[in-house]
Amino acid sequence: MTTMQRRPEGQELPFNVFAKACPSRGTLEHVTGRWGALTLGALHEGSLRFNELRRRVDGVSEKMLSQTLHALERDGLVHREAQPANPPRVDYELTPLGREVAERLLSLIHYVEGSMEAVLQARERYDETRGAR
């Protein structure tokens, strides 16, 4: 993708997530999707085995977690290390790039958690005026 986009500071970027064919769009989807964001946030706490990660990310299926980890590993955000043991042991941890992305996501996650009272009030007002769904 050769389309250049400018940041507010004037720095040119070689990728443009708003362009349909830009590869950054896929990575953004992997990072900001429900399971991607939660997986990155959970791994920010440290290295985890698959089942530990699955328990930490409550509600994710084995299939979805596996797909999410593969996508994040391919994007260079997660490192998978298989240890020779019986039974096999596989650990997942963030790469330096993954750690940076997770820290930014956690800022947003914490902001959302801290704003939930206002969100719940807004939902209540909305439901009162438009009818509960």
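**Close-up 1. Glutamate 81 sits across from aspartate 91 of strand β5.** Keep in mind that this is a predicted model. The strand that holds aspartate 91 is β5, which spans residues 89–94. Its pairing with β4 is antiparallel and runs over 6 bridges. In general, strands in a sheet are held to one another by backbone hydrogen bonds, in either a parallel or an antiparallel way.

**Close-up 2. What surrounds aspartate 91?** Set aside the neighbours within four places in sequence, and aspartate 91 still touches Ser47, Leu48, Arg49, His79, Arg80, Glu81 and Gln83. One of these, glutamine 83, also makes a polar contact with aspartate 91, side chain to side chain, at 3.3 Å. Is aspartate 91 buried or exposed? Its relative accessible area is 10%, and buried means under 20%, so aspartate 91 counts as buried.

**Close-up 3. Here is the whole sheet, an open one with 3 strands.** Going across, the order reads β3-β5-β4, and the pairing is antiparallel. Which strands lie at the edges? They are β3 (48–49) and β4 (78–83), and each of them has a pairing partner on one side only. Leu48 and Arg49, two of the residues in contact with aspartate 91, fall in the stretch that makes up β3.

**Close-up 4. Helix α1 meets helix α2.** This view takes in residues 23–32 (α1) and residues 34–43 (α2), whose axes are 4 Å apart and make an angle of about 65°. The two helices are therefore roughly perpendicular. On the α1 side, the residues that touch are His30, Val31 and Thr32, while α2 brings Arg34, Gly36, Ala37 and Leu40. Sorted by class, this contact holds 3 nonpolar, 3 polar and 1 charged residues.

**Close-up 5. Helix α2 also packs with helix α5.** Helix α5 covers residues 96–114, and its axis comes within 9 Å of the α2 axis, crossing at roughly 110°. That angle falls in the 65 to 115 degree range, so α2 and α5 are roughly perpendicular too. From α2 come Ala37, Leu40, Gly41 and Leu43, and from α5 come Arg99, Val101, Ala102, Leu105, Leu106 and Ile109. How do these residues divide by class? There are 8 nonpolar, 1 polar and 1 charged. Look out for Ala37 and Leu40 of α2: they touch α5 here, and they touch α1 in the previous view.

Technical notes:
Residues are numbered from 1 along each chain as its sequence is written. This is a predicted model: local features need pLDDT of at least 70, side-chain atom pairs count only at pLDDT 80 or more; totals for chains, interfaces and linings use all residues. Side-chain values use heavy atoms; hydrogens and water are left out. Axes are lines fitted to C-alpha atoms, for helices over the stretch in contact, and angles run from 0 to 180 degrees between N-to-C directions. Angles under 35 degrees count as roughly parallel, over 145 as roughly antiparallel, 65 to 115 as roughly perpendicular and the rest as oblique. Contact means heavy atoms within 4.5 Å. Ala, Val, Leu, Ile, Met, Phe, Trp, Tyr, Cys and Pro count as nonpolar, Asp, Glu, Lys and Arg as charged, and the others, Gly among them, as polar. Two strands pair if DSSP finds at least two bridges between them. Buried means under 20% relative accessible area, exposed over 50%, partly exposed in between (1.4 Å probe, protein chains only). A polar contact is a pair of N or O atoms within 3.5 Å; within protein, one must be able to donate a hydrogen and the other to accept it, and residues adjacent in sequence count only if both atoms are side-chain atoms.
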